[in-house]
Amino acid sequence: MNDHFSLNELNRQHLNGFFASSMEFLCITDERGTIMKSNRVWETKLGYLTPALIDKNLTDLVHPNDVANLILVIKNLSAENESLPLSCRLRSNNGTYRFVTWQFQWIDKLIYGCAKDLTELYHAKKDAESAEFSKNQLISVLSNEIQEPLESLSLFLQLIGKTPSISNQNICLENIRLSSEFLENLINGILVIDINNQTGHDVTSFDFHNTVEDAIIPLIVSAKRHNITIDLAIHPKIPSSVVGDSQRLKQIISFLVLNAIKCLERGKITIEATPENTGKTVFKIYFNVKTSGIARLKSGSDNPFSINAANESNLNFGLELVKTLVKKMNGKLSATRDSESGYEFSFHVLLLRDDAQDTNNDRGASGRVLPMYNKNIRLKAEELLAIEQIKNDQAKSHNKAITEKRQRILVVDDAPENTQLLAQALVENYEIIVANNGKDALNIVQQDPVPDMILLDLSMPDMSGYEVCKQIQLEESTMAIPIIFLTTLSDTENETYSLQSGAVDFISKPFDLPSVEEKIKNHLALKHYREILSITADIDALTQIPNRRRFDEMLAIEIRKARRNNTPLSVIKIDIDYFKSYNEIYGHLEGDDCLREIAVALKKTLKRAGDLVARWEGEEFSCLLPDTNLKGATHVAENIRKAVLNLRIPHQSSPEAKFVTLSLGVATGIRTHENSGEDSFATLLDHAQAALIKAKEAGRNQVFVYRK
C-alpha cells in the first residue's frame with residue numbers, strides 16, 4: 001500500500017479513519033479501475049471481504065449494461081483533478097444488485113471513488129410506478145365496464161322527465177334504483193382486489209322471479225343499442241320465495257348478461273332457469289345464458305376464459321369475476337363457444353326452500369321477451385356520470401377544476417339583441433365570443449384555442465344552424481365541441497331532428513336565463529368528463545402513448561380525410577428486433593424500461609401535430625402519417641430507426657448488433673384515377689405489415705417499403 005500512496009503517516013491515519021467510519025461505498029483504484037483500497041461497506045452490503053476485492057477491477061463488479069458507461073468515465077478522468085459522476089448497479093456476492101450513484105475524482109494518477117446507496121429509493125420509485133400502473137389499469141377497466149349500466153341510468157332519467165303519468169314515473173324511479181344498485185355491485189366487484197377475502201353470504205328470504213328480472217332490467221338499454229333481444233324463461237317449479245344470497249345471485253346474472261351482450265353485434269340472449277329437485281330443503285337451480293346472432297368477438301379459441309385478443313380483455317375480467325362469485329354460492333360456472341350460435345354460459349347455485357313464505361307455488365313459467373324501454377338515447381354513459389357528479393358533489397375537486405379555467409363559449413345568432421342578452425348573462429363566468437352568421441362561426445372554430453361550447457341559432461340567413469353544425473362535425477379538431485341549438489321551434493319533431501343533427505341540447509326562445517346557465521354548466525362538465533374518460537381509454541398504461549384502440553379510431557378518420565381531400569396517407573409498422581431474448585436475458589422490468597425509452601424516442605421523432613405513434617401490442621408500434629407520401633414516410637421511418645439505435649440500449653444477445661434495433665415496414669395509400677381509394681386505403685395496414693415481415697426476413701435493423 002505504501003508503494004501506491006505518497007502520504008505521510010498522519011494523513012494515512014486520517015484516510016484509514018475516514019474509510020472505517022464512512023457509511024458509503026469507498027474505494028481507491030489505479031488509472032485502469034483496479035481496486036487498491038476499499039472500506040467495510042463493501043462487505044456489509046455486498047458480501048465481499050476486503051482482501052478479496054484487492055486487484056479486482058470495478059468493471060467486474062457492475063451490471064453488464066453499466067460496464068460501457070464505467071469504462072467511459074474512467075477514460076475521461078484526467079490529471080486535472082476532474083470529478084465525474086456515474087449511476088450504476090453493483091453486483092453483490094449472491095448475484096443481486098444494489099443501485100448506487102458514484103462520484104469519481106482523479107488525484108495523483110489514482111481514482112478516488114465514493115458511491116451512495118440508492119437501492120431503497122429506487123425500489124420505492126418502482127413501487128410508486130407500479131401503483132400508478134395498477135391505478136391506470138383499474139381506471140381503464142372501470143371506464144369500460146360501467147358504460148352499460150350508466151346508459152340505463154341515463155335513459156330512465158330522461159324518461160322520468162317526459163312521462164306525465166305518476167305510475168310510469170314510479171316505474172322509472174324503480175328502474176333507476178335497480179340500475180344504480182347494479183352499478184354499485186359492478187364497481188364493488190371491480191374494486192375488490194382479493195375477492196376471496198369478502199365476507200360470507202348475506203342469506204335472506206327473497207323473491208326469485210323479481211330478483212332475476214331486477215338483475216336484467218338495467219341492461220335492457222345496452223341490449224337495445226346493439227339490436228339484441230333478451231328472452232327470459234323461469235321454470236314453473238321454481239318456488240317464488242327462496243332463501244339465499246339474493247345480491248350475489250343478482251351480481252352473477254347481471255355480469256353474465258353484460259358479457260353476453262359484449263359477445264354480440266346483434267341477435268338474441270336467452271336466459272333459462274331450471275330447478276333440480278325443489279322437493280328438497282336444499283336444491284340446485286341451473287342457469288343457462290346463450291347468445292345467438294352475429295358475434296362481435298372473433299377468436300380461434302372455444303374457451304371464453306382463455307381469450308387473449310386485446311379487445312376481449314374485458315370479457316375475461318367479467319367472466320373471472322362471475323366464476324368467483326358462483327364459487328362463493330357453492331356452484332360452478334362453465335363457458336363454451338359454438339361457432340354457429342355464439343357463446344353459452346352455464347352455472348348452478350344452491351338455494352333453500354322458504355317454506356314459511358312459499359304458500360302458493362302455482363306461479364306460471366316466466367317465458368317472455370323483456371320490454372325494450374329505450375326510445376331515444378341522447379346522453380352517453382360518461383355524460384351521466386358527470387351529471388351525477390355535478391348534482392351530488394359540486395363542492396369537490398373536479399368541479400373546482402372545471403371552473404378554474406374560464407371556458408370559451410361561442411354565441412352564434414343573427415339577432416344582435418339575442419347575442420347581447422346571452423353575453424351579458426354569461427360573461428361573468430365564461431369568455432364569450434360572438435358571431436352573427438354561420439360563415440364567421442366556422443372561421444372562429446378553426447382558430448386556436450377552439451371554443452369549449454357553441455350556442456347556435458337554427459334560423460339564420462345564408463347558412464342555417466343545421467349546416468353550420470354539419471360542417472363543424474366533419475372536422476376532427478372540432479367534432480367534439482358540444483353544440484346547443486337556439487330555436488323558437490319547441491315541438492317534439494323539431495326537437496328530435498335537432499338532436500339527430502348532432503346537438504347535445506336545445507334552448508328555446510325567449511330565453512329562460514337560469515335554465516340556460518344550468519344547461520351550459522352541465523354540458524361543459526360533460527365535455528370535461530368525456531375528455532378524462534377518453535384519455536384513460538386511449539392511452540397505453542405502460543408507455544403512456546396512444547394505444548391500438550386510439551390508432552384504429554384515428555386511422556378510420558384519416559382515411560376519410562384522405563379520400564375526401566385526395567391526399568396520401570402512410571402507415572409505419574415497427575417491431576423491436578429480438579425482444580423476446582432481451583426479456584429473457586435482462587428481465588421483464590428492464591424490458592418495460594426499454595419499451596418506455598423507445599416510445600419516448602418515437603414520439604420525439606414525429607414532428608407534426610397530426611402524426612400519431614401508438615403501441616400496437618407487445619413490442620410492436622405503429623405510426624400514422626397523414627398527408628405524407630411514400631418518400632416522406634420512408635424518410636420518417638429511417639429517422640425512427642436511427643433514433644432508437646442512437647439510444648444505445650445494450651442487447652448482448654442480438655445477432656445483428658449489440659444494441660436494441662428496429663425493423664420497420666412502410667406503406668402508403670393514395671387515390672388515383674385507376675384506384676378509387678377503397679382498395680388502397682383498406683389494405684394499408686396489411687401492406688405495412690407485409691413490408692415489416694420483409695424487413696425482418698432481410699436481416700432486421702432496416703426499413704422496407706411496400707411497393708406493388
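## Buried sites, cores and a pocket in a predicted model

At 12% relative accessibility, D117 counts as buried, and this residue makes a useful entry point into the structure, which is a predicted model. D117 belongs to strand β5, which spans residues 110-117. Its side chain is engaged in two directions: one polar contact, of 2.7 Å, runs to the side chain of R98, and another, of 2.6 Å, joins the side chain of D117 to that of T119. When neighbours within four places in sequence are left aside, the residues in contact with D117 are E24, F25, K45, R98, F99 and V100. R98 therefore appears both as a polar partner of D117 and in this list of contacts, and the buried state of D117 follows from its 12% relative accessibility, because buried means under 20%.

### The protein as a whole

The protein has 708 residues, of which 48% count as buried. Its secondary structure comes to 24 helices and 23 strands. Among the contacts with a separation of 6 or more, 67% are between residues 24 or more positions apart.

Two nonpolar cores can be described. The largest nonpolar core has 44 residues, and those with the most contacts inside it are F208, I216, L249, I253, F287, F347 and L351. Helix α10, residues 246-263, gives the largest share of this core, namely 10 residues. Apart from it lies another core, of 31 residues, which includes F621, A637, L662 and V666.

### The second largest pocket

The second largest pocket has a volume of about 700 Å³. Its lining is made up of 27 residues, and those that lie nearest its centre are D66, R89, E590, D593 and E597. By class, the lining consists of 13 nonpolar, 4 polar and 10 charged residues. Several elements each supply at least two residues of this lining: helices α4 (67-76), α5 (119-145) and α21 (588-605), together with strands β3 (83-91) and β4 (97-107).

### The region around T628 and L630

T628 is found in the loop between β21 (620-626) and α22 (630-645), and with a relative accessible area of 9% this residue is buried. The side chain of T628 reaches the backbone oxygen of L625 at 3.5 Å. Beyond its neighbours within four places in sequence, T628 is in contact with P568, L569, S570, R608, A633 and T668.

Is L630 buried or partly exposed? L630, which is found in helix α22, counts as partly exposed because its relative accessibility is 21%, whereas a residue is buried under 20%. Leaving aside neighbours within four places in sequence, L630 is in contact with S570, V666, A667, T668, V705, Y706 and R707. S570 and T668 thus occur among the contacts of T628 and also among those of L630. V666, a contact of L630, is one of the residues of the core of 31 residues.

Two pairs of residues that are apart along the chain have the following C-alpha separations.

| Pair | Separation along the chain | C-alpha distance |
|---|---|---|
| L630 and V571 | 59 residues | 9.4 Å |
| A233 and A273 | 40 residues | 6.4 Å |

Of the residues in the second pair, A233 has its place in strand β7, residues 228-234, and counts as partly exposed at 31% relative accessibility.

### Backbone features

Most residues other than glycine have a negative phi, and most peptide bonds are trans. Where does the chain have a cis peptide bond? One such bond joins D448 and P449, with omega at about -5°, and P449 is placed in the loop between α15 (438-445) and β16 (453-457).

Positive phi values are found in K109 and R700, neither of which is a glycine. Phi of K109 is near 65°, and this residue has its place in the loop between β4 and β5, where at 60% relative accessibility K109 counts as exposed. R700 has a phi of about 65° and lies in the loop between α24 (684-697) and β23 (703-705), but R700 is partly exposed, with a relative accessible area of 22%.

Methods. Residues numbered from 1 in each chain as written. Predicted model: local features only at pLDDT ≥ 70, side-chain atom pairs only at ≥ 80, totals over all residues. Heavy atoms only, no water. 1 Å grid on protein atoms, 1.4 Å probe; cavity = no way out; pocket = protein on both sides within 12 Å on 5 of 7 lines; lining within 4 Å. Points joined across faces, edges and corners; volume = space filled by probe spheres on them. Helix = DSSP H or I, 4+ residues; strand = E, 2+ residues; numbered from the N terminus. Nonpolar A, V, L, I, M, F, W, Y, C, P; charged D, E, K, R; others polar. Core = buried A, V, L, I, M, F, W, Y, C linked by side-chain atoms within 4.5 Å. Buried < 20%, exposed > 50% of the residue type's maximum accessible area, 1.4 Å probe, protein only. Polar contact = N/O pair within 3.5 Å; in protein donor to acceptor, adjacent residues only side chain to side chain. Contact = heavy atoms within 4.5 Å.
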